[in-house]
Amino acid sequence: MHVTKEFKKKTFLKQLLLGLHVSNSISNPISIQQRKNSIKLSADLAMAFARGRTHWTHALITKLGQKEENKSTLKGILGRRYEILMARYSCPLLYQKVQRRKKSVTSYRFSYNAQKRRSSALKGSCVRVSPSVVARNLENRRTKVLKRLVPGGEFLNGSSLLSEALDYVISLKAQVDMMKSLWRATQVSSSSNVELVPSAPLQKKDASCTIANSEE
Amino acid sequence: MSRRRSRISEEEINELISKLQSLVPESRRCGSNRASATKLLKETCNYIKSLQREVDDLSDRLSDLMAGMDNNSAQADIIRSLLSS
């Protein structure tokens, strides 16, 4: 099992600020909705870059890159790297590995389902369903929502789905915290030049959380 | 063969479950022993949804703020204030 890496806060901040700059400087009169989408895109991209290469960051960037409305903002943020990155994230190697695993699971399940069907064809007899099949079906039903929520989760199962979900939750929480502090800083700087004393202890708490995470 | 595989990853799963329990706020209230897998999954899903909603809301607020700002001075102020703390 991989150790949860430290969420690179400086990378996140740098990437988000770049994204905000691009969102702000798009010359055509831009609607609030478009600016908001552009900011959200920057934040998600920043989160994925700050976390590094995992299954869900790969799936997230792929998903973001495929949407037509995101392309102009992405080009602005990534610049020359846009072509290279989009090529990498349109043909994911990770997916191929996972899909190979998925195929074997499907064939395994198919043979058991065939056996189940054969046994259930005899009316009146008790159906002998393999417990592993039942367990797997139950697990699939329970994790259906989680699979939809975690990017790239549809192809994962069991412990890998859980570890990806855990990682995703940690990164989401960090993303929210950083966006909150950014918003507070923007508010303060737009109103007056008061020192950010109230948020200083919060920043220290973030730093200690990061240290704790990296020690795990 | 699947039984052997599940025995190896059982420790992993327990570790993951305990980590998830410590992160997700709702499941921290009830004792960790009583939390069932289904409940934990549900709480995790709700937590992820609420975090995503927060990101959405923050993007809204940031876009409102940025709309009324001059670009360069905003950048400089933000960076200065964030790096000073």
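This dialogue goes through the interface between chain A and chain B in a predicted model.

Biologist: How many residues of chain A are in contact with chain B?

Modeller: Contact is judged by distance between heavy atoms, here within 4.5 Å. In this model, 43 residues of chain A touch 40 residues of chain B.

Biologist: What area do chain A and chain B bury between them?

Modeller: Buried area is the accessible area lost when two parts are put together, summed over both. For chain A and chain B the figure is about 4,500 Å², with 75% of it on carbon and sulfur atoms.

Biologist: How many salt bridges are counted between chain A and chain B?

Modeller: A salt bridge needs a side-chain nitrogen of Lys or Arg within 4 Å of a carboxyl oxygen of Asp or Glu. The count here is 3. One pairing is Lys40(A) with Asp56(B), whose closest N and O atoms lie 3.9 Å apart.

Biologist: Which elements give two or more residues to the side of chain A that touches chain B?

Modeller: They are α1 (9-25), α2 (32-51), α8 (144-149) and α9 (158-191) of chain A. The most comes from α9(A), with 21 residues. By class, that side of chain A holds 23 nonpolar, 13 polar and 7 charged residues.

Biologist: Which helix of chain B has the lowest mean pLDDT, and which the highest?

Modeller: pLDDT is the predictor's confidence in each residue, from 0 to 100. Among the elements of chain B, helix α4 (residues 71-84) has the lowest mean, 64, and helix α3 (residues 37-67) the highest, 87. Chain B as a whole averages 73, and 58% of its residues score at least 70. The model scores ipTM 0.77 and pTM 0.69.

Definitions and conventions. Residues are numbered from 1 along each chain as its sequence is written. Chains are lettered from A and ligands numbered from 1 in the order in which they are written. This is a predicted model: local features need pLDDT of at least 70, side-chain atom pairs count only at pLDDT 80 or more; totals for chains, interfaces and linings use all residues. Side-chain values use heavy atoms; hydrogens and water are left out. Buried area is the accessible area (1.4 Å probe) that two parts lose on being put together, summed over both. Helices (H or I, at least four residues) and strands (E, at least two) are DSSP runs, numbered from the N terminus. Ala, Val, Leu, Ile, Met, Phe, Trp, Tyr, Cys and Pro count as nonpolar, Asp, Glu, Lys and Arg as charged, and the others, Gly among them, as polar.
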